[in-house]
Amino acid sequence: MSKTFRTSDGSTVNALQDINLDVQPGEFVSLIGPSGCGKSTLLRIIADLIPSSSGSVTVNDKSASQARKDQDYGFVFQSPTLYDWRTVIKNVQLPLEIMKYPKAKRDERAREMLKLVDLGDFENKYPWQLSGGMQQRVSIARALAFEPKILLMDEPFGALDEMTRERMNNELLHIWSAIPDMTVIFVTHSISEAVYLSTRVAVLKPRPGRIAEIINIDLPQPRSPAARDLDQFFHLSNRVRHTLRAGVGSTAELGAAIE
Amino acid sequence: MATESRAETPAADHSGLRTTLTTILIVIVLMLVWEGAKAFGAATNYQLNVGGSTIDLSILNDTQLPHLIDIAKAFDEPSQRNGPPLYQTLIENGLYTFLAALRGFLLGAVIGFILAIIFAHSGLLQRGLLPFVVASQTIPILAIAPMVVIWMSKVGAVEWSVPLIAAYLTFFPVTIYTLRGLTSVPQTSLELMQTYAASRWEILIKLRIPNALPQIFTALKISATASVVGAIIGELPSGIQDGLGIAILNFSRFYNQSPPRLFATILASGLMGILFFGVIALLERLVVRWRVEESS
């Protein structure tokens with residue numbers, strides 16, 4: 001699968017080239033790479049938000065666009081993307097309304113999800129009344145509310161501080177383990193986050209965006225914060241780091257990369 | 001989105017009281033300027049010599065610019081011999097004009113809203129029709145009003161001529177602001193709907209319209225005052241005997257005999273516009289309960 005963008009001056013940019021990634025149900029795969037390697041583009045192609053230029057994306061034996069129409073995807077954006085005019089619980093209920101859940105079921109699911117992300121007491125607040133981390137948790141609750149088969153996350157914790165991010169990582173692992181067979185594809189530029197969360201890490205390199213290496217993360221499951229102290233965690237992180245470095249080449253090239 | 005924690009409840013709002021006090025202060029200043037100008041005119045015997053040339057200040061005399069107290073008194077005096085006091089006449093005529101303005105406002109709002117929704121969904125229609133919508137507002141309403149009255153009486157709906165003229169002024173801001181609100185949806189908010197495979201209808205109802213509400217209310221506030229202006233102007237060529245427009249026409253004809261009456265009527269028209277505006281603003285506070293990041 002590949003993706004070509006046409007720039008404003010008429011030239012074309014190969015954003016992604018020869019991407020071949022096979023993800024199994026129940027996996028947690030992270031896409032990591034420097035800015036401009038096309039990891040967010042790849043996620044958007046999988047989500048059928050933008051089309052690929054050539055090749056195909058197959059999700060559970062169907063095309064990406066069919067998977068989107070079948071409402072298989074939960075998507076968590078980099079920004080929480082909550083609707084300002086809806087209270088927290090109404091935001092979580094948004095996909096349930098579109099998917100025609102009955103009212104009682106909507107209330108029940110939304111409360112359940114808010115409890116899961118530890119925001120049970122905030123259901124009647126408006127988004128602006130919450131901190132950035134809380135807003136992102138609402139957006140995760142919203143993505144999970146309809147039990148999507150595949151959870152796509154685009155640097156969801158990128159704007160959070162390190163401590164909040166680690167806590168959110170644990171919450172995410174907890175949620176993932178609680179929902180059987182939910183596949184997560186997670187875009188990040190944090191090495192430790194990728195290694196800590198994933199069953200596999202796909203390292204991308206830029207210009208054009210390609211997969212440099214797919215690294216199996218065979219840390220014990222279920223993960224706990226203690227995993228971060230293991231030698232194995234350290235070795236795996238180093239391996240991701242070296243692959244990233246090899247892929248980028250000179251720093252000048254990194255600077256010229258386009259997102 | 002930043003990570004700073006935010007207050008759980010909005011800070012107590014004293015801005016309402018401050019606005020009221022400021023408004024009262026401005027009214028007092030305007031009244032002082034008015035009476036000051038009149039006192040200045042009287043002191044100079046309505047003539048001012050500046051560098052050898054004389055400026056005529058007679059517009060400040062009592063037959064041209066009445067004292068505020070005389071305007072206030074005019075409300076309680078009959079405008080016709082043996083007639084009811086002016087305030088009663090103004091309330092009756094005001095109510096008549098207000099009902100026409102309200103019908104015009106509603107008609108204009110509905111037309112404007114529907115046009116905006118059509119334009120938001122069809123680039124072709126927007127490009128084709130929006131220039132005409134804009135051009136419609138460059139035609140003076142006084143040129144159209146007599147025509148509307150003639151047409152409406154031909155179809156036997158003359159009572160709709162004034163509302164229609166008012167609607168002509170009110171649909172435009174609603175179309176422009178609503179269109180802007182419907183189309184200025186953040187990209188990711190739209191993508192979120194796409195990930196749910198939401199239909200155009202669901203996107204309209206659950207995203208575009210709520211997103212446009214602050215702008216819609218901005219437009220409605222403009223339209224509320226415009227509808228009063230439209231109704232008053234619409235009455236002039238209508239041949240109707242009621243309404244503030246007719247009162248203004250009559251009192252300006254007899255201005256030299258009693259200027260306070262016209263000023264009292266102007267004041268009443270202004271009050272009506274402010275009242276209408278206030279009602280919409282109140283409605284906005286009830287509907288738009290979330291915090292709007294950047295209001296226009």
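## Strand S3 of chain A

In this predicted model, A:Leu31 of strand S3 in chain A stands opposite A:Ala202 in S9(A). The two strands, S3(A) and S9(A), run parallel and are paired over 4 bridges. S3(A) also pairs with S8(A), again in the parallel sense, over 5 bridges. In that pairing A:Ile32 lies opposite A:Thr188 of S8(A).

S3(A) covers residues 28–32, and 5 of its 5 residues are buried. A:Phe28, A:Ser30 and A:Ile32 point one way from the strand, while A:Val29 and A:Leu31 point the other way. Residues on both sides of S3(A) are buried.

## The sheet of chain A

S3(A) belongs to an open sheet of 6 strands in chain A, with the order S6-S7-S8-S3-S9-S10 and mixed pairing. The edges are S6 and strand S10 (210–216) of chain A, each of which pairs on one side only. Ignoring direction, neighbouring strands of the sheet are turned against each other by 15 degrees on average.

At the S10 edge, strand S9 (residues 200–205) of chain A and S10(A) run antiparallel and are joined by 6 bridges. A:Lys205 has A:Arg210 in S10(A) as its bridge partner. Helix H5 of chain A packs on the sheet, where H5(A) touches S6 and S7 of chain A. The direction of H5(A) makes about 170 degrees with that of S6(A).

## Strand S7 and its neighbours

Strand S7 of chain A spans residues 150–154, and 5 of its 5 residues are buried. From S7(A), A:Ile150, A:Leu152 and A:Asp154 point one way and A:Leu151 and A:Met153 the other. The buried set includes the charged residue A:Asp154.

S7(A) has a parallel partner in strand S6 (residues 73–76) of chain A, to which 4 bridges join it. Here A:Phe75 stands opposite A:Leu152 in S7(A). Strand S8 (residues 183–188) of chain A is also parallel to S7(A), and 5 bridges join the two. A:Leu151 has A:Val184 in S8(A) as its bridge partner. Between S7(A) and S8(A) the chain passes through helix H6 (residues 162–178) of chain A, and this β-α-β crossover is right-handed.

## A buried asparagine in helix H6

A:Asn169 lies in helix H6 of chain A. This residue counts as buried because it has 21 C-beta neighbours inside 10 Å, and the cut-off for buried is 20 or more.

Leaving aside neighbours within four places in sequence, A:Asn169 is in contact with A:Glu193, A:Tyr196 and A:Leu197. A:Tyr196 is 27 residues away from A:Asn169 along the chain, and the C-alpha atoms of these two residues are separated by 8.2 Å.

## Helix packing in chain A

Two packed helices are described by the angle between their axes and the distance between the axes. In chain A, helix H3 (residues 88–98) and helix H5 (residues 132–144) pack at about 30 degrees, with axes 7 Å apart. The crossing of H3(A) with H5(A) is right-handed.

On the H3(A) side, the contact is made by A:Val88, A:Asn91, A:Val92, A:Leu94 and A:Pro95. These meet A:Val138, A:Ala141 and A:Arg142 in H5(A). By class, the contact residues are 6 nonpolar, 1 polar and 1 charged. H5(A) is the helix that touches S6 and S7 of the chain A sheet.

## Helix packing in chain B

In chain B, helix H3 (residues 86–121) and helix H4 (residues 123–136) cross at roughly 145 degrees, and their axes come within 8 Å. H3(B) contributes B:Leu115, B:Ile118 and B:Phe119 to the contact, and H4(B) contributes B:Leu125, B:Gln126, B:Leu130 and B:Val133. The residues of this contact divide into 6 nonpolar, 1 polar and no charged.

## Contact between the chains

Between the chains, 21 residues of chain B are in contact with 29 residues of chain A. On the side of chain B that touches chain A, helix H7 (187–195) and helix H8 (200–235) of chain B each supply at least two residues. The largest share there, 6 residues, comes from H7(B). By class, this side of chain B has 8 nonpolar, 6 polar and 7 charged residues.

How values were computed. Residues numbered from 1 in each chain as written. Chains lettered and ligands numbered in written order. Predicted model: local features only at pLDDT ≥ 70, side-chain atom pairs only at ≥ 80, totals over all residues. Axes fitted to C-alpha atoms, helices over the stretch in contact; angles between N-to-C directions. Left-handed = near helix turned anticlockwise from the far one by under 90°. Contact = placed C-beta atoms within 7 Å. Buried ≥ 20, exposed ≤ 12 C-beta atoms within 10 Å, placed from the backbone. Pairing = 2+ DSSP bridges. Right-handed = clockwise from strand over helix to strand, strands pointing away.
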